[in-house]
Amino acid sequence: MTRPVPAATAALRVLRFLSAQPVPVPASRIADAVDLPRSSTYHLLSAMADEDFVVHYPDDRTWGMGIAAWEVGHGFARQEPLARLARIPLARLVDAVGQSAHLVVLLGSEVIYVLEERAPGRPPLVTDVGVRLPAHLTASGRAILAALPAAQVRALYPGKDAFSSRTGAGPRSPTELRRLLTDTRRRGFATEDGEVTPGFASVAAPVEAGPIHASVAVTWPTREEVPDPVDAVRATAAEITRRLRH
């Protein structure tokens with residue numbers, strides 16, 4: 001017989017379980033994992049979704065982590081292993097290319113900027129720590145999405161309604177996104193030009209360390225002639241990956 005547990009305890013168990021899953025999961029699996037009746041689980045998930053701690057994907061009948069779960073932990077972000085281990089490699093990247101760089105993580109269909117290193121004299125960007133942007137528009141997000149299983153990408157972008165635009169450019173359908181991500185995987189890095197901010201371009205490479213979905217990117221004004229930063233970005237992502245694995 002399933003024993004009753006306090007609602008707060010149940011919610012924390014749900015968050016802990018979801019945080020360990022590589023993809024959103026059905027409510028029935030959550031109920032089994034946290035030892036709750038299924039009816040209670042649905043009520044709890046609905047309440048947590050109202051506060052943005054979880055996200056419901058109705059087309060797949062699954063649930064995943066919500067943006068509020070990240071926001072609660074934002075105070076810890078500066079001390080977490082990813083940010084701490086990436087700080088020095090990111091600073092070296094900025095010194096090498098002379099442009100601003102940043103580190104993001106994926107949450108749902110958005111990327112969240114957890115670390116930024118501003119190059120001296122470079123113009124300000126929209127990518128301050130804590131900023132969220134649509135993953136499909138950013139080079140950072142594309143680098144991560146290209147490394148995900150196809151089923152997870154379909155769950156995040158089930159139809160045309162899932163696609164937003166900031167400048168009128170960027171993929172507008174699952175088919176366009178699929179083609180873009182195929183090209184990204186083939187190259188081993190992602191790009192964007194004017195799709196986040198007019199007049200700025202970015203290149204990014206994924207940090208591939210188990211359940212961590214992150215990437216490193218460099219952004220620069222397109223009106224300037226700059227050395228190709230791809231090799232430096234990929235080398236930095238590889239270095240952060242090695243640090244995390246060790």
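This passage describes one helix, one pocket and several individual residues of a predicted model.

Helix α6 comprises the 17 residues from 81 to 97. At 1.5 Å a residue, a helix of this number of residues should span 24 Å, and the end C-alpha atoms of α6 are 25 Å apart, which agrees with that expectation. The helix nevertheless contains a bend of about 40° at R87. A proline, P89, follows R87 within four residues. Several residues of α6 are buried, namely L82, A83, A86, P89, L90, L93, V94 and V97. P89 therefore appears in two descriptions of this helix, as the proline that follows the bend and as a buried residue under the 20% limit of relative accessible area. Just after α6, the backbone continues with G98, which takes a positive phi of about 70°.

Positive phi values also occur in two loop residues that are not glycine. D35 lies in the loop between α2 (27-34) and α3 (38-50), and its phi is near 60°. D52 is found in the loop between α3 and β1 (54-57), with a phi of about 70°. The relative accessible area of D35 is 36%, so D35 counts as partly exposed, a class that runs between 20% and 50%. For D52 the value is 42%, and this residue is therefore also partly exposed.

The second largest pocket holds about 220 Å³ of space. Two helices, α8 (150-156) and α9 (174-187), each give two or more residues to its lining. Of the elements involved, α9 gives the most, with 5 residues. The lining is made up of L145, L148, A150, V153, R154, Y157, P158, P174, L177, R178, L181 and R185. By class, 9 of these residues are nonpolar and 3 are charged, while no polar residue is present. The charged residues of the lining are R154, R178 and R185.

Helix α8 also contains Q152. The relative accessibility of Q152 is 9%, and Q152 therefore counts as buried, since the limit is 20%. When neighbours within four places in sequence are left aside, Q152 is in contact with P22 and V23.

A143 is located in helix α7 (residues 139-145). With a relative accessibility of 2%, A143 falls under the 20% limit and so counts as buried. Beyond the residues up to four places away in sequence, A143 touches T184, A190, A204, A205, P206 and S215. One of these partners, T184, belongs to the range of helix α9 (174-187), and three others, A204, A205 and P206, belong to the range of strand β7 (residues 200-209). The C-alpha atoms of A143 and V55 are separated by 22 Å, the two residues being 88 residues apart along the chain.

Strand β7 also includes V207. The relative accessible area of V207 is 3%, and V207 is therefore buried. Apart from residues up to four places away in sequence, V207 touches L103, I212, A214, S215, V216, A237, I240, T241 and L244. S215 is thus a contact of A143 as well as of V207. For V207 and L244, 37 residues apart in sequence, the C-alpha atoms are 9.2 Å apart in space.

Key. Residues are numbered from 1 along each chain as its sequence is written. This is a predicted model: local features need pLDDT of at least 70, side-chain atom pairs count only at pLDDT 80 or more; totals for chains, interfaces and linings use all residues. Side-chain values use heavy atoms; hydrogens and water are left out. The expected span of a helix is 1.5 Å times one less than its number of residues. The bend at a residue is the angle between axes fitted to the seven residues ending there and the seven starting there. Buried means under 20% relative accessible area, exposed over 50%, partly exposed in between (1.4 Å probe, protein chains only). On a 1 Å grid over the protein atoms alone, a cavity is a set of points where a 1.4 Å probe fits but cannot get out, and a pocket is an open set with protein on both sides within 12 Å along at least five of seven lines; lining residues have an atom within 4 Å of a point. Grid points are joined across faces, edges and corners, and a volume is the space filled by probe spheres set on the points. Contact means heavy atoms within 4.5 Å.
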